[in-house]
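Trainee: Got a minute to go through this one with me? I'd like to practise reading it bit by bit.

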Amino acid sequence: MKKNAEGVLDDNKLRRNVLLKKKFRNLDLIVFMGPYLVTFAVFTVLPVIISFIFGFTNFNMMEWPEWVGLENYSRLLLNDEIFSKAFQNTLVLSFVTGPLGYIICFAFSWLINEVPPKPRAFLTLLFYAPSLSGGFAFVWQLLFSGDSNGYINAWLQQWGMISEPIQFLSDADYMWPVCIVIILWGSLGTSFLTFIAGLQTVDKSLYEAGAVDGIKNRWQELYFITLPSMRGQLMFGAIMSITGAFGIGGTITAVFGFPTQDYTLHTIMHHLDDYGGTRFEIGYASAIATILFVLSFVANQIVQFLIKKIGK
Amino acid sequence: MADSTAVKPKKKLKFPQFGKKEVQKDAFGNETKKKRRLFKYNRINRSFGGDLFLTLVLVIGGVFMVFPMIYAISNSLKPMSEIWLFPPNLIVKNPTFKNYTDLFNIMSNSLVPFSKYLFNTILITVIGTACNVFSASMCAYPLSKRQFRGKKTIFDISTLSLMFTATAGSISTYIIMTTLGWIDTYWSILVPTLGSSFALYLIKNFIDTFPDTVIEAARIDGAGEFRIYWKILMPAIKPGWLTLIVYAVQGFWNTGASIFIYREELKTLAYALSQIAAAGIARAGVSMAISVVMMLVPVLTFVVTQSNIIETMATSGMKD
């Protein structure tokens, strides 16, 4: 083919234009994704890689790191009794509070979504209050405290139910249930708000279509329409719950102090903070972080697999 | 879009009007009895008993959830004599604002004026939140709606990074900041906010649910990529970025002592207030007042954004 009679476009020219366009088609991606990718690589990926390498060294922040191979890991897994206790505690705590917290988050956001918009906004505020007032975990400490300032002990004594104050915060029999209640209380955080917003984006016409197709009650509606429509938010919530559950530490310290009595509630996170922040054994702390990462990763793969099955 | 005659008059969606009609018809045209309903809110498939039960659960749950907040507010209004009362009062008997006036007195005597701390915190909160929202949404748009090599890898790495504890990387981050020469400057706090994988993941979920057909239609009509992002996508995923704003404001507002900042005049409000509270039990009332004051901005942001989320969804009628 040759030049067009009207002289609009040479075929070669056209082809070159198309090729040029193809080559630079994705050039605007640099503008769109550049800021995120560069900062993400430098301030998130790079530190993770460095910290992974530190895991194989002996590093005290004063001298140049010394390569020790797998010594940190063998010491951690075989010789550190407190770590094995922390490992067990973390597993038990996260298996109880993780799934339970996740279900509570979804249940409440779904229930709240059922009421009309005005009270809905108010109820969301009530349920999100624990997260908004991040520092209020200390209120629980006042409530359960074993000395004369502890509210629950004071009330129980006033009503004559006990004669000696119960040591909620240092008696191993009470520490676990108290801890679980407090963690669940604070679990309506990130995932909860995401679920609330996700429920809003579900296409309303699907519900009408569902009603025509024979959906009878809210439970069927939940399983066949709502849950599959917000799979993305469910996955996000799952990741947040998993990392939250394996990363428990701060709340326990705020209420029970650090270290907890006889290491009853010592978690991997506490161990990490102890070695990284107090003893400055960075290599050892990095090895702990890597193990924590592997744990979260495995748990996440399982949960993602389960979520993909919903509504199918 | 050029031919205006082709645009059809807007069709109103007909919802079943349970509140108004005495007799209503089901999907097949048979007459059914009017349902008794607790909420006058157009929803299908809801029973009266279920709504009642739901209200009960929510009220009881809500009281349990909000209790520590009420307690802290009540304690911040207690005079010193009432704070250490035995057995303690849950709700204040003789409310006083003394704790708050004490707090302001301490603040006005500080070495660095408190307005400086407040300004620092506001600066970090505003810039940090804006960086979070724009960088994440701009990156998430092509990740979700464009085709190019490596897009799955980028997203997978972002997701993986969510599972790594931030504490563990803090030493490495410090080394990086030293190399860049950003220690003791705000760059160390503000620049990393551009690369929040948390924000990216959150926003991408919302963009994923946005129909591709709308974007394709806009492209055919000649809209550029940036215009699609700004005029079509961002308004449609408003619930997403409003939710992100709540988290971001909450996080940045509570930024305490950073390991990268040493100069006193660069420190934040949360840090300064925590120093006041650290003085011990003599300031128990004042520290309660501090908790309440620090809570105000996150709560306000939350209320404003939440009412907006509900508004958006009531007016949008986007369909695939």
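**Patch, lysine and cavities**

Mentor: Sure, and keep in mind that this is a predicted model. Val294(A), Phe297(A), Val298(A), Ile302(A), Phe305(A), Leu306(A) and Leu160(B) make a nonpolar surface patch of about 620 Å².

Trainee: Which helix gives the largest share of the nonpolar patch?

Mentor: Look at where the patch residues sit: Phe297(A), for one, has its place in helix 15 of chain A. Six residues of the patch come from one element, spanning residues 282-308. That largest share belongs to helix 15 of chain A.

Trainee: Is Phe297(A) buried, partly exposed or exposed?

Mentor: Its relative accessible area is 33%. Buried would need under 20% and exposed over 50%. So Phe297(A) is partly exposed.

Trainee: Now Lys204(B): buried or exposed?

Mentor: Lys204(B) lies in helix 8 of chain B, which covers residues 197-208. Leaving out residues up to four places away in sequence, Lys204(B) touches Ala140(B), Leu143(B), Ser144(B) and Phe155(B). Its relative accessibility is 11%, and the cut-off is under 20%. Therefore Lys204(B) counts as buried.

Trainee: And inside, what volume does the second largest cavity have?

Mentor: Searching the whole structure turns up three cavities of 30 Å³ or more. The second largest has a volume of about 40 Å³.

Trainee: Which residues that line the second largest cavity are the closest to its centre?

Mentor: The lining of the second largest cavity is made of 10 residues. Those closest to the centre of that cavity are Gly256(B), Ser258(B), Ile261(B), Leu266(B) and Thr268(B).

Methods
Residues numbered from 1 in each chain as written. Chains lettered and ligands numbered in written order. Predicted model: local features only at pLDDT ≥ 70, side-chain atom pairs only at ≥ 80, totals over all residues. Heavy atoms only, no water. Helix = DSSP H or I, 4+ residues; strand = E, 2+ residues; numbered from the N terminus. Buried < 20%, exposed > 50% of the residue type's maximum accessible area, 1.4 Å probe, protein only. Contact = heavy atoms within 4.5 Å. Patch = residues over 30% accessible without salt bridge, like charges linked within 9 Å, V, L, I, M, F, W, Y side chains within 5 Å. Areas by Shrake-Rupley, 256 points an atom, 1.4 Å probe, with all protein chains shown as cover. Salt bridge = Lys/Arg side-chain N within 4 Å of Asp/Glu carboxyl O. 1 Å grid on protein atoms, 1.4 Å probe; cavity = no way out; pocket = protein on both sides within 12 Å on 5 of 7 lines; lining within 4 Å. Points joined across faces, edges and corners; volume = space filled by probe spheres on them.
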